[in-house]
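Me: Could you take a close look at one part of this model and explain how its residues are packed? Please give the cut-off behind each term as it comes up.

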Amino acid sequence: MQSIKQQWFGNVRGDILSGIVVALALIPEAIAFSIIAGVDPMVGLYASFTMAVTIAFAGGRPGMISAATGAMALVMVPLVRDYGLQYLFATTILTGLIQILFGVFKIAKLMKFIPNAVMIGFVNSLAILIFMAQVPHFIGISTMTYVFVGITLLLVYTLPRFIKVIPAPLIAIVLLTIVAIYGGFELRTIGDLGSITQTLPSFLVPNVPFNFETLQIIFPFSLSLAIVGLVESLLTSQIVDDMTSTESNKNREARGQGIANVVTAFFGGMAGCAMIGQSVINVKSGGRGRLSTLVAGLFLIFLIIVLGDLVVKIPMPVLVGIMIMVSVGTFDWSSFKYLVKAPRTDVIVMLTTVVIVVWTHDLSKGVIAGVILSTIFFVVKISSVKIKKVGNRYIVYGQLFFASTDTFVDYFKNAEITSKQIQLDFSNSRIWDDSGVGALLKVEDLLREKEIQIEIIELDATSKKIISKLQGMSPSH
């Protein structure tokens, strides 16, 4: 009970103010992602509202923001183009159900297999993507656009030194919107991205045939969306953990994302996941608890329904300036030292992750590629096997598995062994798989042909078990 109270009411003022800032930042993003997916802007806005409100209760990471995202929107493009909006709603429901199952089966334990180099690459590529997404909104538009972006950057950077009660981005949005409206400046606004309908979302059931053919259509998209959404959400959760020096329940977060997507689909929204940009804004604006996420969702729908006519007048350069500061704050500037000091393989993994994410605009592809590359480097690193001869004893150093068996066998193929009886010492080695067992048997056969008896000693319990299980051997000790 104490934990629930702390998560909801431990930081009321900070959570409310930061939630308001996040709601304002969500609007242009939701509209832009709706356009990417090929749906009406309200689909993205409804998704952002319902996901934020639902995840506030169901999520495992207090203070994290979930809404419509670009990574998810990219996956939806061919689905919406070929089958239409109703199939998108059905796909979103199935996406949520898959994510709930992932959470039930504790998918979060796979997070431990994501190396630090991939995490650094993920954070940096995300910062680059956030910045790149702002470029079309201020480059080559007008001189006044540059002026407003510059003033916003200055305000967001300097105000926290003097005013800590109200988040600097909120002050910048209110102040510069008033200046833009009453100054009559020609600036692009949120309204230029798409129209906002001042109506609440209504409950609906996707108008699709509930049959196996529909399942065949939506399942591949749902599985892709579920994986992309969870990769982004769990990594964002880890980043917020690090920023706030707190822990979160990753499996509950996976289930929460699923529940939020199911709810979203029934209220006319597109599939979404955690948003690292808005989550960082929330944390840096003072948000820590579930209340900040709830306020972000509720204030978003308040802006749409009650203040829609005013919201569309918010200048885009102001939001661009805020997002640029988010990208600067998100980027891990210590990674430049990392490039010099870290092992070359880690540097390659980090840079590969960044390049693939920036090239494809898909965070999951970069992370998956980074993990695979790390795995390859690790296998190469531990596949080194050395054998040291001490009298009649041959001591094996290293791990014996599929990647190291050739070296092991080749040594005994070419070794000049004069003794008729030798010992093969595994005190510094372990056999991991069938390939390792096969290599050991092959060496036994080679030496038997040379009329050399071999005694295998110092095998650990794991190696003995796998040998016994795979080959029915009973090695001596």
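**Packing around three helices**

Reply: Ile-98 is found in helix 5 (residues 85-104), where a helix is a DSSP run of H or I with at least four residues, numbered from the N terminus. The model is predicted, so local features need pLDDT of at least 70 and side-chain atom pairs count only at pLDDT 80 or more, while totals for chains, interfaces and linings use all residues. Residues are numbered from 1 along each chain as its sequence is written, and side-chain values use heavy atoms, with hydrogens and water left out.

Ile-98 counts as buried because its relative accessibility is 10%, the classes being buried under 20% relative accessible area, exposed over 50% and partly exposed in between, with a 1.4 Å probe and protein chains only. Leaving aside neighbours within four places in sequence, Ile-98 is in contact with Phe-219, Ser-222, Leu-223 and Ala-226, contact meaning heavy atoms within 4.5 Å. Ala-226 is 128 residues from Ile-98 along the chain, yet their C-alpha atoms are separated by 6.5 Å.

Thr-54, which lies in helix 3 (residues 41-58), also counts as buried, because its relative accessibility is 15%. A polar atom of the Thr-54 side chain lies 2.7 Å from the backbone oxygen of Thr-50. Residues up to four places away in sequence aside, Thr-54 touches Ile-259, Ala-260 and Val-263.

Helix 12 (residues 290-305) has 16 residues and reaches 23 Å from its first C-alpha to its last, close to the 22 Å expected, a span defined as 1.5 Å times one less than the number of residues. Of those 16 residues, 12 are buried, so helix 12 is largely enclosed by the rest of the structure. Among the buried ones are Arg-290, Leu-294, Leu-300 and Ile-304, and the buried residues of helix 12 pack against helix 1 (2-9), helix 2, helix 3, helix 10 (250-266), helix 11 (276-284) and helix 13 (308-311).

Leu-45 links this to the wider packing: not counting residues up to four places away in sequence, Leu-45 touches Ile-27, Ala-30, Ile-31, Ser-34, Ile-196, Leu-300 and Ile-304. In the largest nonpolar core, of 111 residues, Ile-27, Leu-45, Met-76, Phe-122 and Met-270 touch the most other members; such a core is a set of buried Ala, Val, Leu, Ile, Met, Phe, Trp, Tyr and Cys residues joined through side-chain atoms within 4.5 Å. The largest share of this core, 13 residues, comes from helix 2 (residues 12-37). Apart from this core lies another, of 26 residues, including Leu-400, Phe-426, Ala-439 and Leu-447.

Key
Helices (H or I, at least four residues) and strands (E, at least two) are DSSP runs, numbered from the N terminus. A polar contact is a pair of N or O atoms within 3.5 Å; within protein, one must be able to donate a hydrogen and the other to accept it, and residues adjacent in sequence count only if both atoms are side-chain atoms.
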